[in-house]
Amino acid sequence: MALKLYGAPMSTGTTRVMIALHEKDLDFELVPVDLFAGEQKEPPFLSKNPFGLIPALEDGDLTLFESRAITAYVAEKHNETGTDLIRHRDLKESALVKVWKEVESQQYDPAISPIVYQHVVAPIRGQSPDQAIIDANVEKLGKVLDIYEARLSESKYLSGDFYSLADLHHLPFTYYFMKTPYASLINERPHVKAWWEDISSRPAFKKVAEGMTFGDL
Amino acid sequence: MVVKVYGPAYGSSKRVLVCLVEKGIDFETVPVDLIKGDLKQPDFLALQPFGVVPVIQDGEYTLYESRAIIRYYAEKYKSQGSDLLGKTIEERGVVEQWVEVEAHNYHPPIYNLTVHILFASKLGFPADEKLIKESEEKIGKVLDIYEERLSKSKYLAGDFFSLADLSHLPFTQRLVSEMGKEYMIRDRKHVSAWWDDISSRPSWNKVKHLQ
Ligand SMILES: N[C@@H](CCC(=O)N[C@@H](CS)C(=O)NCC(=O)O)C(=O)O
Ligand SMILES: N[C@@H](CCC(=O)N[C@@H](CS)C(=O)NCC(=O)O)C(=O)O
């Protein structure tokens, strides 16, 4: 049974899942949900995710939403195919994957997403970017990246010397962020920069990045 | 090996502690005082670079981020104590989904309420009334979706208590007790029954008053 992913090719949540599916060499069908028409808030989609947010995945009888739950499910179910994204054979490595996945979700995402939102999404919606929000989050993100810089001077990837979901989950927002004037936050930290260049050059991501066009970016 | 847990008085640490009790894992607690700035001292930052609790030490392991720690113990001791992950990969997927819902939809507004209602004056900044109002509205909307969900299954991820429910305990406790907003739970029949069920677990009664 083919996997069905409901979402949009420029959405950060959808692409987070697509990258993982490519890393796992899994076939899937992308079923478009039109955000600009508000389809995610309409009944057919709301039955897949009552919160009205993309993405959602259908795997046979199972429907899941929340991008990071979907990638965890896919990585565990298919742990023997493609890239091992959760280090399921090594308790210590898999513990560190869990820690850095949460760091992305709890520390990195809350700082980077408002910057991307203000810079990219607000103009599309005809709002002007709120510079105070941008400034506060640039400061927050800088502090998070200082910790990343220290961490990445000790290991090649966030959880150790292996690529995992912890790194992968950073790709969608950072890709858009690198097109904003604040990209220097990454580029001026040598280990973070090298890490970014490494993870963003993986074939599974490049395939997905082609579809990530959004407004003027 | 006894697990050492820093900051037992705080909500995010209680998320870890209640999981350890459910799994029957021994622990000891190390009190830290957030108001006095303990978390921003170099020795604490060496353990937890982001300067927040919890952080745990377990032999050679130092781990942080509460939801990473609970997943780690729930997996490592899968067959000891309560099974908090579900029996199949599919059930586990649904548990993950509702843990993420807690983390991304429920936690941010309830954390804002906690900070602005309970901690603002202690930390020396004015409570943001607009943020308090908006946060309460957001929690209300999330609870409406929970109400619908819990009319179909006893717990969030299905008919079994899991990490998804457990993750809600610490901050919901603050909402109904110290913040005086119990009506948010009681106004919703299924949420109210769910809250009575999960908050009366012996594990939570043991952990909720730890300081
Ligand atoms: N935590 C969710 C966030 C999902 C999310 O924010 N999705 C956005 C697109 S990337 C969305 O559906 N926005 C539409 C809306 O807000 O109505 C996840 O990771 O899946
Ligand atoms: N995502 C972290 C958040 C931890 C957190 O917010 N801890 C609070 C106490 S509940 C804290 O230490 N705050 C101190 C501060 O922000 O300075 C986790 O779940 O472990």
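Reader: What makes the figure of about 2,800 Å² the area that chain B and chain A bury between them?

Author: Buried area is the accessible area (1.4 Å probe) that two parts lose on being put together, summed over both, and for chain B and chain A that comes to about 2,800 Å², with 68% of it on carbon and sulfur atoms. This is a predicted model, in which local features need pLDDT of at least 70 and side-chain atom pairs count only at pLDDT 80 or more, whereas totals for chains, interfaces and linings use all residues. Side-chain values use heavy atoms, with hydrogens and water left out.

Reader: Why is the pair B:Arg92 and A:Glu76 called a salt bridge?

Author: A salt bridge requires a side-chain nitrogen of Lys or Arg within 4 Å of a carboxyl oxygen of Asp or Glu; the closest N and O atoms of B:Arg92 and A:Glu76 are 3.6 Å apart, so the pair qualifies. The count between chain B and chain A is 4 salt bridges.

Reader: How do you know that ligand 1 has a polar contact with the side chain of A:Gln40?

Author: A polar contact is a pair of N or O atoms within 3.5 Å; within protein, one must be able to donate a hydrogen and the other to accept it, and residues adjacent in sequence count only if both atoms are side-chain atoms. An oxygen atom of ligand 1 is 2.7 Å from an N or O atom in the side chain of A:Gln40, and therefore the pair meets the cut-off. A nitrogen atom of ligand 1 also lies 2.8 Å from a polar backbone atom of A:Ile54.

Note on methods. Residues numbered from 1 in each chain as written. Chains lettered and ligands numbered in written order.
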